[in-house]
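Colleague: I am new to this structure and would be grateful for a close look at a single part of it. Please choose one strand and describe its surroundings.

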Amino acid sequence: MQNSDILRKIPSVNDILETTEIKELISECPRSLVVNVTRRILGEIRQAALADKRSSNAGSTMADNTIPAISNRIVKSVKKSMNQTLEKAINATGVILHTSLGRAPIHELALKQIIDVSKGYSTLEVDKTTGKRSSRYNHIQTILCELTGAPAATLVNNNAAAVLLALNSITQGKEAIVSRSHLVEIGGSFRMPEVMEKSGTTLVEVGSTNRSYISDYKNAITDRTGLILIVHPSNFRITGFTHSPDLEEIANLGKEFNIPTLHDLGSGALINLKNICSGQFLNNLRGIPCGSETDTYNNNSPDDDYLSNIMSEPTVKESVAAGIDVTTFSADKLLGGPQGGLIIGRKDLIDSCKSNPLMRALRVDKTTIAALDATLRLYVDDKKALENVPILKMIFSPVTTVDERANRLKNNILNNTNGFYSATVEDGRSEIGGGSMPAETIPTKVVSVSSNHISANKLAKELRLNAIPIFARIERDMALLDPRTVIGTEEENEIVNAFKIIADKNTAN
Ligand SMILES: *Cc1c(COP(=O)(O)O)cnc(C)c1O
């Protein structure tokens, strides 16, 4: 066949634009977009047809090139460019800091602050008293210093950036001493040794995977040493025969040899949960009446085991108080704010970070500052933080409350779906997630749903494809829904609605 014969079989742009399907599409979407997509797709078909002719199995792709098939491709492609793919989702997985689902949900006041400063203009880099230029970092510096006890503070796009900037600014091409047990990969290919290399720092490993002593650090110090680094082993735990020096021992060693110390804390709990998780406040939270036998935290409910683990999470304040020179942590892990990386500590070292040209490349947007500022203000009072910061509310939500919600959810699903599903409420574990406190799971109640009419995997897929995507856990061919991470009755109702739609759809055919 001649090239011209092959090409003649392919419909023209006008043929396509005249079909009812595409006319309908043009009534909903911009004509120029439809025409552009049509041209692109016809171009691709022409290319493929010519390539096909040159290969041995000529004609094999021609079957797809009927007008209805091409129109269909165009409709899909146009709709894909019209729809936003970043959408609201419902997290029923029970993983609280779920990185793929956007980590920490932020407080209403943080959202309001984003709108206030972003709808129009803001005082981002201006001092309204003098009218002179100021720095965007001033807005959060004072409150961060207040909350952490650090003399200086600044902010970049995420904690990975904070570590990179701190290493590059402080170590200045010299060596950094780090324990072998701290050479971790945080996930998303953030590997400590690789980040150190990119920052221009030479790594000096000390100790063994499970044990390192202060003498190991001390013996590694030479005149090339520019830093002692401590990394929180976020997403894994070495247990058993282990040792590592206290923060204070390392801080003191640094001072003795005049070498800066850097602590990558990762999660960064701002409040001391040890103080909070005792006495009446916690009991109120768990619905234990005042003055009852279990009036103190020292009750022996196994449900409270996880609390003692959370309590042992080192706080930012403790890192500063131990005398560590610079501490870095995420704004969207335990802190519960927007994505961000905080760098706090000694003023001269924070100043070196601020004057590093990399700082400009890692600069945060005004929306980050707005949301972080509002979130930090919730921490001015510990109890206010626990009652308001969404992720802390989830972590501390008592099992009894989750149980009530799970039962309501289960009943509403069963009552609205005509026997399509079976559902029960079972014991389960929620996870803190986000590379924070890996071993720490929280007792919870899950609704486990299965159906004779649809497999758990298909059910999970249909839930994801709901008008508001819903993410559940799949175990033992059942979909598990953990109400701990489902926000409010509105999301609960949407879940019930989705189960109803899926049941109706799969019963009809
Ligand atoms: C999570 C984590 C990081 C990376 O922080 P991001 O805010 O995700 O960039 C770095 N170090 C540690 C110890 C962490 O836990």
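Modeller: What follows is an account of strand β11, its partner strands and the salt bridges in that part of the chain. The model is a predicted one.

Strand β11 covers residues 441-450 and is mostly covered, since 8 of its 10 residues are buried. Strand β10, residues 422-433, runs antiparallel to β11, and 10 bridges join the two. Strand β14, residues 478-481, is also antiparallel to β11, and here the number of bridges is 3. Val447 of β11 takes part in both pairings: Val425 has Val447 as its bridge partner, and Val447 also stands opposite Leu481 in β14.

Side chains add a further link between β10 and β11. Asp427 and Lys445 form a salt bridge in which the closest N and O atoms are 2.5 Å apart. This pair links distant parts of the chain, for Asp427 belongs to strand β10 and Lys445 to strand β11, 18 residues apart. Asp427 counts as exposed because its relative accessibility is 60%, and the cut-off for exposed is over 50%. Elsewhere, salt bridges that share partners join Glu426, Arg473, Glu475 and Arg476 into one network.

The structure holds 25 salt bridges. A pair within a helix may serve as a contrast to the link between strands. Arg40 and Glu44 meet through their side chains in a salt bridge of 3.2 Å, N to O. Both residues lie in helix α4, residues 31-54, and are 4 residues apart, about one turn of the helix. Arg40 is partly exposed at 41% relative accessibility, and Glu44 is likewise partly exposed at 34%.

How values were computed:
Residues numbered from 1 in each chain as written. Predicted model: local features only at pLDDT ≥ 70, side-chain atom pairs only at ≥ 80, totals over all residues. Heavy atoms only, no water. Buried < 20%, exposed > 50% of the residue type's maximum accessible area, 1.4 Å probe, protein only. Pairing = 2+ DSSP bridges. Salt bridge = Lys/Arg side-chain N within 4 Å of Asp/Glu carboxyl O.
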